[in-house]
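Biologist: I am new to reading protein models. Could we go through this one together, step by step?

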Amino acid sequence: MLNVSFWVLFFPLLGFIILGLLGRLLPRGGILTVAWGACGLSFLFAVINFISLLGTPANARVADTVIYHWVSSGNFSLDFALLYDPLTAVMLLVITGVGFLIHIYSAGYMADDPGFWRFFTYMNFFIFAMTLLVTADNFLFLLVGWGLVGLASFLLIGFWYQRPSAVAAARKAFVINVIGDFGLMLAIFLIFNHFGTLSYQGVFGQLNSSMAGSGLLTAICLLLFVACAAKSAQLPLYMWLPDAMEGPTPVSALIHAATMVTAGVYLVARANPLFYMAPIALYTVGAIGGITAIFAAVIAIFQLDIKRVLAYSTISQLGYMFMAEGVTNFAGGIFHLVTHAFFKALLFLGAGAVIHALAGEQDMRKMGGLWQRMPITAWTFLAATLAISGIIPFAGFWSKDSILASVLAQATISGNAWFYILWAVGVLTAGLTAFYMFRLFFGIFFGSYRGGPQASAEHEEEDEEDEVAAGHHERMPRYNQIFEVPAVMSVPLIILGVLSVIGGFIGSLALIGLPQWHPLPALLAPVVGQSSVSAIVEPSLGLEWISTGISLVLAAIGILLAWRMYGKGFEYKENRNPLYQFAFHKFYVDEALTAVLVNPIMAFGRAATRFLEGDTLDAGSRGIATTFRGVSAGLRRLQTGYVRNYALAILVGAVLIVIYYAVRR
Amino acid sequence: MPSPTSLMPLSAYLIVSAVLFTIGVVGVLVRRNPLIIFMSIELMLNAVNLSFVALSTFLDSADGQMFVFLVLTVAAAEVVVGLAIIVSIFRTRRTIDVDDMNVLRG
C-alpha cells in the first residue's frame with residue numbers, strides 16, 4: 001500500500017518555514033499561495049493515500065514507513081517512522097480537509113489584520129504538528145507532536161498579544177497542556193520500563209490476556225488519559241478551552257474541530273489495546289466523559305458570548321466521544337469526532353462571519369434578526385445547529401445515536417446500573433444541547449436587531465480597556481449596514497454545511513433498515529477491534545430505537561423550549577436566583593481554582609523569588625563579590641603609578657635575592 | 001691572582017664598578033627628569049660592563065667581553081626606543097616629569 005504520509009507532513013512544514021522566514025516580505029497573494037498551497041497539497045496527498053488504502057484488502061491496511069533511524073542503542077532502537085492505517089487515514093482527512101477550509105476562510109476573516117503573515121505561519125505550523133501527532137508510529141514522536149500542538153495553540157491563542165487577556169489565556173492553555181504532557185511522559189516512561197520499546201506495534205504485540213486488569217496497565221492508561229483530558233478539555237482540565245476564545249475565530253474553529261481537542265480522542269482510540277486490558281481506566285474514561293458532557297452543557301445554557309457557548313458545547317461533545325470510548329465503542333468516538341469536526345468548524349466559522357459582520361461584537365444581547373441580512377450564514381448555521389442537536393438525518397444524529405446506543409447496549413449486557421446512569425446523562429445532555437444551541441441560533445438570527453452604534457457606545461463604556469486593547473473594534477454597524485460575508489468566507493461555510501447534512505451517512509444505517517451499510521466502523525474495525533462494530537450492529541434494533549427515540553424526543557423538547565423562550569428574539573433578563581448565578585458564573589470553577597491553586601503557587605513563587613533567590617542565592621554571590629572588592633581596594637594602593645616606586649621595589653627585590661644567596665651559602 | 005700585565009688588583013675594578021652602579025641606582029630613584037634617569041641607567045649598565053671586563057681579564061676568558069658587546073648593543077637599542085617614547089610623551093603632554101606620568105595608578 002502506498003504511504004505518502006511524509007508529503008502530508010512535509011508541505012505544511014515547508015509552508016511554515018517559508019512563511020516564517022519570508023512572510024514579512026511577501027505580498028498578500030504570495031502568503032495565501034504558500035499557505036493555501038501547503039495545506040491544499042497536504043490534503044491532496046491525504047486523499048491520494050486514502051484512495052490507495054481503499055484499494056487494499058481490509059486485512060493489509062497498514063503501512064509503516066521508516067523515514068530515518070533516530071536512536072539505535074543496544075537492543076533499543078527508535079525510528080522516526082510514519083504509520084498509515086485506517087485510523088490515521090480518517091484523522092488526516094479531517095485535519096487537512098477541515099484545516100484547508102479554515103485556511104481559505106481565514107483569508108477573508110484576517111484580511112485587515114497587520115499580522116496576516118504571522119497568522120498563516122502559525123496555522124501551517126499547527127497543521128504540521130497535528131499531522132505529526134497522528135502519523136507517528138511510536139509514543140515518543142506522538143509526544144513530540146503532542147508538545148508541538150500545545151505550542152501552536154499557545155501561539156495562536158495569544159495571537160493578539162497586545163491584549164493582556166489573550167496573553168493570559170494563551171499562558172493558561174499552555175500550562176494546562178503541560179500538565180497533560182507530563183502525564184503522557186510518565187505513561188511513556190512506564191511503557192518503556194515495562195515493554196522495552198515505544199512503537200505501537202511493539203507494545204501492543206506484547207500484550208496478552210494474563211496482563212488484563214493489572215495495576216501497571218491501569219496506571220499507564222490513566223496517565224494517558226490525563227494527557228487526553230488536558231488536550232481534549234475534559235474535567236478537570238477543561239478550563240483552558242473557553243479562554244482559548246481569545247484567539248481569532250478561525251483559530252477557535254481549527255482548535256475545536258480539526259486539531260488539538262481531537263488529539264485526546266485519537267490517543268484513546270490509538271491505544272485501545274491497552275485500554276481493553278484496563279477496565280478500570282475505561283470506566284474512568286466513560287465516567288469523566290459523561291460528567292464533562294452534562295457539566296459543560298449546563299454552563300453553555302447560561303453563556304452570553306456566542307463563542308463561549310460554542311466552546312462549552314465542544315467540551316460537552318468531546319465528553320460524548322469519551323463516553324463512547326469508555327464503552328469500547330472506539331469507532332463511535334472517532335465517528336462523532338468526524339461529524340463534530342464538520343459541524344463545529346461550521347458553527348465557529350459561522351459565528352466568525354457574524355462577528356466579522358458586526359465589527360467584532362460577540363455578545364448575543366446585541367445581535368438578533370440577522371437572518372435577512374446574512375442568509376447564507378444563517379442557513380449553514382441552521383444546518384450545523386440541527387446537526388449538533390442530533391436531529392435526523394443530520395450528521396450529528398448518526399454519531400450521537402451510535403454512542404448512546406452503544407452505552408445502552410453495554411448497560412443491558414453488563415447489567416451495571418452505572419451504565420444506565422451514563423446513558424441517561426448522555427440522553428439528557430442531548431436535550432440540553434438542542435436547547436442551548438437553538439437559544440444561540442434564535443439569539444443571533446431571530447427577532448429584531450438589538451445592536452447598532454448606540455449599543456456599541458454603551459458597550460465601550462462598560463469595558464473600555466478591552467476595547468482599546470483590542471484595537472480592531474469599531475462601532476457596531478446599523479442594521480442596514482450589515483452585509484453577508486464575501487465568497488472566500490461563504491464558500492467554506494457552504495461546503496461544511498453540506499458535510500454537516502450528509503456527513504453522518506458514513507456511519508451505520510442499521511437504524512433505517514440498511515444493516516449492510518456501515519463504511520466508517522468497518523474501515524476502523526482492523527484498528528479498534530471488532531467489538532465496536534458489533535456494539536452498533538448487533539444490539540437489537542428495538543434497543544437502539546428506544547435510545548434514539550428518547551434522545552430525539554428530548555432534543556425536540558429542547559428546541560421547542562428554546563422556541564418558546566427565545567423564538568421572538570433573545571431577551572436577557574437579569575436573574576438573581578442563586579442557582580442561576582451559580583451556573584451563569586460557570587460554577588465558579590475559575591475563581592475557586594484561582595483561590596485554591598493559582599494564588600498559593602504565585603505567592604510561593606514570589607516568596608521564593610524574595611527569600612530563596614534574593615536572600616540566599618543572590619546574597620551569597622554578592623558576598624563573594626564584596627569580599628574581592630575589599631581585598632582589591634587594599635591591594636591597588638600598591639600601584640602608585642610612580643616609576644621610582646617600582647624601581648625601588650625592583651631594587652629591594654634584587655637585594656633580597658642577593659642576601660638570600662649570600663646567607664644560604 | 002692578578003694577571004702579570006695588570007698593575008692594579010681586581011678588587012679595585014670591582015669597587016669602582018660597585019660605586020658606579022650605586023650612583024646609577026640612586027640617580028634612577030631620585031631624579032625626575034627622564035633624560036637623567038636614562039643616563040643613570042647607562043651608568044649602571046657600564047658599571048656592570050666594567051666588572052665583566054675586569055673579571056674576564058682576571059679569569060683569562062673572553063666570555064665576559066662577549067657579554068659586554070651584547071650589553072652595548074642592547075643599550076644602544078634601548079636608548080633609541082626610550083628617547084622616541086620620551087619625545088612622543090612630550091608631544092602629547094607638554095611635560096616629561098616622571099612624577100606626572102602616573103596614569104597607571106591603581
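Biologist: How many residues of chain A are in contact with residues of chain B?

Modeller: Good place to begin! Keep in mind that this is a predicted model. Here 12 residues of chain A are in contact with 10 residues of chain B. On the chain A side, six of the residues are nonpolar, three are polar and three are charged.

Biologist: In which sense do strands S1 and S2 of chain A pair?

Modeller: A useful idea comes before the case: in a regular strand, side chains alternate between the two faces of the sheet. In chain A, strand S1 (residues 63-73) and strand S2 (residues 76-84) pair in the antiparallel sense, over nine bridges. You can see A:Ala63 standing opposite A:Tyr84 of S2(A). The hairpin has two residues between these strands, and A:Gly74 takes a positive phi near 60° there.

Biologist: And why is B:Leu70 called exposed?

Modeller: We count neighbours, and 12 or fewer other C-beta atoms within 10 Å means exposed. B:Leu70 is exposed because it has 11 of them within 10 Å. This residue lies in helix H3 (residues 63-93) of chain B.

Biologist: Which element of chain A has the lowest mean pLDDT, and which the highest?

Modeller: Helix H20 (residues 464-470) of chain A has the lowest, 42, while helix H27 (residues 643-664) of chain A has the highest, 90. Around H20, the pLDDT is below 50 over residues 460-473 of chain A, a stretch with 11 contacts beyond near neighbours in sequence. For chain A as a whole, the mean pLDDT is 82, and 92% of its residues reach 70 or more.

Note on methods. Residues are numbered from 1 along each chain as its sequence is written. Chains are lettered from A and ligands numbered from 1 in the order in which they are written. This is a predicted model: local features need pLDDT of at least 70, side-chain atom pairs count only at pLDDT 80 or more; totals for chains, interfaces and linings use all residues. Two residues are in contact if their C-beta atoms, placed from the backbone, lie within 7 Å. Ala, Val, Leu, Ile, Met, Phe, Trp, Tyr, Cys and Pro count as nonpolar, Asp, Glu, Lys and Arg as charged, and the others, Gly among them, as polar. Two strands pair if DSSP finds at least two bridges between them. Helices (H or I, at least four residues) and strands (E, at least two) are DSSP runs, numbered from the N terminus. pLDDT is the predictor's confidence in each residue, from 0 to 100. A residue is buried if 20 or more other C-beta atoms lie within 10 Å of its own, exposed if 12 or fewer, and partly exposed in between; C-beta atoms are placed from the backbone.
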